[in-house]
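Here are some short exercises to work through at your own pace. Have a go at each task before you read its solution.

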Amino acid sequence: MCASEAAPPPALPGPLSCVLEISGRDASGNLVVQTVGYALDRPGLVLAPLSIAAPGVARWQRLTAAPDPLGPGPATGAAQPSASSGGVDVTEILLEDPGRDLILLRAPGMGACEAGVTAAAPTGGADEALIGIRNRDGYRGRVYRAVLDRTIRVRGGPDVLRVRIPDGGGAGSGFLLDSRRRLVGSILPPPPGADRLLACAVPIDRDAIDAAAARPGRPLRDVASAPRPPEPSARTPAAILAQALLLTRDDQGDRALALLDEAVGLAGESDVLLMERGAWRYRIGRTEAAILDFARAAALNPRLLPAYLNLGVALGTTGRYPEAADALKRALSIDPYNAPAHYQLALALAAAKHRDQARGECERLRLLDASLASDLGALLQF
């Protein structure tokens, strides 16, 4: 029998007609700001990352939006602008949204993008194929493949979309598109030392954009002549959680926990934040504190299977085997077919000297996952 060939990786997305380059120049014509932009599906509306555009406000006197040099840009009412011609002038700042790291600009003469903006985050679940757009990173392309890792619901704020980046190039500020090339999210700037295989985004708030576009903004000349504002601050629960999710090394545990503590302080306890904090505490050896987080998450959401599963594992680590078994039985009451819960329950029962019950769990596991059951049998010498 011939070995099956691995499927080739999907090709990188081609040029995207909505992608722009936003450039700011000082009174002498020197380039002082350059960042990625995105043309919306209404003429003259452009998005850019606030974290890149805002710090240069006190220095630039002219801000322009031009098609991305890597591909065709959106059509304009008159002639198609080019990067070499200087693009279309931005005349107003309509919205600054630090929580999403977005700035909405008006650039009369810039055409509409056909792709549009979705009203919600991706709904295809984990492993949904997405497209990322980032500020250039050396030799790496601006457009890259991304895969939805998970969507995290955050109380009192937008969802957090964590995506995997197969090329490992990381993602600074930018945008996230779905497979139909519609804008779905704003990629938040990563913290120092962030995992370059991951990025976090939050969904675009279309209602806020429409409301801002319907009213006059701040004229660019007034913004450019004003004193430099402080750096944008995005101390929202979603933005803080996003930073914590991008810290994955063991030596970053204290930083991640400090961020999660801050998010809990702002948003209050939620099962999501408690699970993330408990996982970090368990990982770096603060097991008793992790047990408190997992138990509290289970109390807040009694149908949250991972809370009971993690609680059972953490209790077992401390030698509290009967309590561990109770937690794992609660997990199986939610999902009787969860193989990891059967595996962990068998370990807890065997450690509590209930080998017959542990053997029964091993047999039940064999019906669900023969390979995992074989490993368990070898470990427990059944």
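A residue counts as buried under 20% relative accessible area and as exposed over 50%, with partly exposed in between. Keep in mind that this is a predicted model.

**Exercise 1. The two sides of a helix**

Task: Work out which residues of helix 7 are buried, and where they lie around the axis.

Solution:
- Begin with the length. Helix 7 covers residues 287-300, and at 1.5 Å a residue its 14 residues should span 20 Å. The end C-alpha atoms are 20 Å apart, which agrees.
- Next, list the residues under the 20% cut-off. In helix 7 these are T287, A290, I291, D293, F294, A297 and A298.
- Now look at their directions. They cover an arc of only 165 degrees around the axis, so they sit on the same side of helix 7.
- A general rule helps here: an α-helix has 3.6 residues a turn, so residues three or four places apart point the same way.
- Finally, check the other side of helix 7, where L292 and A299 are exposed.

**Exercise 2. A covered strand and its partners**

Task: Find the strands that pair with strand 10, and say in which sense they run.

Solution:
- Locate strand 10 at residues 160-164; four of its five residues are buried, which leaves the strand mostly covered.
- Take one partner, strand 9 (residues 143-152). Five bridges join strand 9 to strand 10, and the two run antiparallel. As an example, V147 has R164 of strand 10 as its bridge partner.
- Then turn to strand 13 (residues 198-203), which pairs with strand 10 over four bridges, in the antiparallel sense. Here L161 stands opposite A201 of strand 13.

**Exercise 3. From sheet order to a loop**

Task: Give the order of the strands in the eight-strand open sheet, then examine the loop between strand 6 and strand 7.

Solution:
- Read the order across the sheet: 5-4-1-2-3-7-6-14, with antiparallel pairing.
- Identify the edges. Strand 5 (88-89) and strand 14 (218-219) each pair on one side only.
- Move to strand 6 (residues 92-97) and strand 7 (residues 102-106), which run antiparallel and are joined by five bridges. One of the pairs is D97 with L102 in strand 7.
- Step into the loop between these two strands, where D101 is found. D101 is not a glycine, yet its phi is positive, at about 55 degrees.
- Most residues other than glycine have a negative phi.
- Lastly, D101 is buried, because its relative accessible area is 4%.

**Exercise 4. A second positive phi, and a surface patch**

Task: Is K353 buried or exposed, and which residues form a nonpolar patch on the surface?

Solution:
- Place K353 in the loop between helix 10 (339-351) and helix 11. The phi of K353 is near 70 degrees, a positive value in a residue other than glycine.
- Apply the 50% cut-off. K353 has a relative accessible area of 73%, so K353 is exposed.
- Go on to helix 11 (residues 355-368), which holds L367. With a relative accessible area of 77%, L367 is exposed too.
- Put the patch together: Y337, L367 and L368 form it, with about 390 Å² of accessible area together.

Conventions. Residues numbered from 1 in each chain as written. Predicted model: local features only at pLDDT ≥ 70, side-chain atom pairs only at ≥ 80, totals over all residues. Heavy atoms only, no water. Patch = residues over 30% accessible without salt bridge, like charges linked within 9 Å, V, L, I, M, F, W, Y side chains within 5 Å. Areas by Shrake-Rupley, 256 points an atom, 1.4 Å probe, with all protein chains shown as cover. Salt bridge = Lys/Arg side-chain N within 4 Å of Asp/Glu carboxyl O. Buried < 20%, exposed > 50% of the residue type's maximum accessible area, 1.4 Å probe, protein only. Pairing = 2+ DSSP bridges. Expected span 1.5 Å × (residues − 1). Arc of directions from axis to C-beta.
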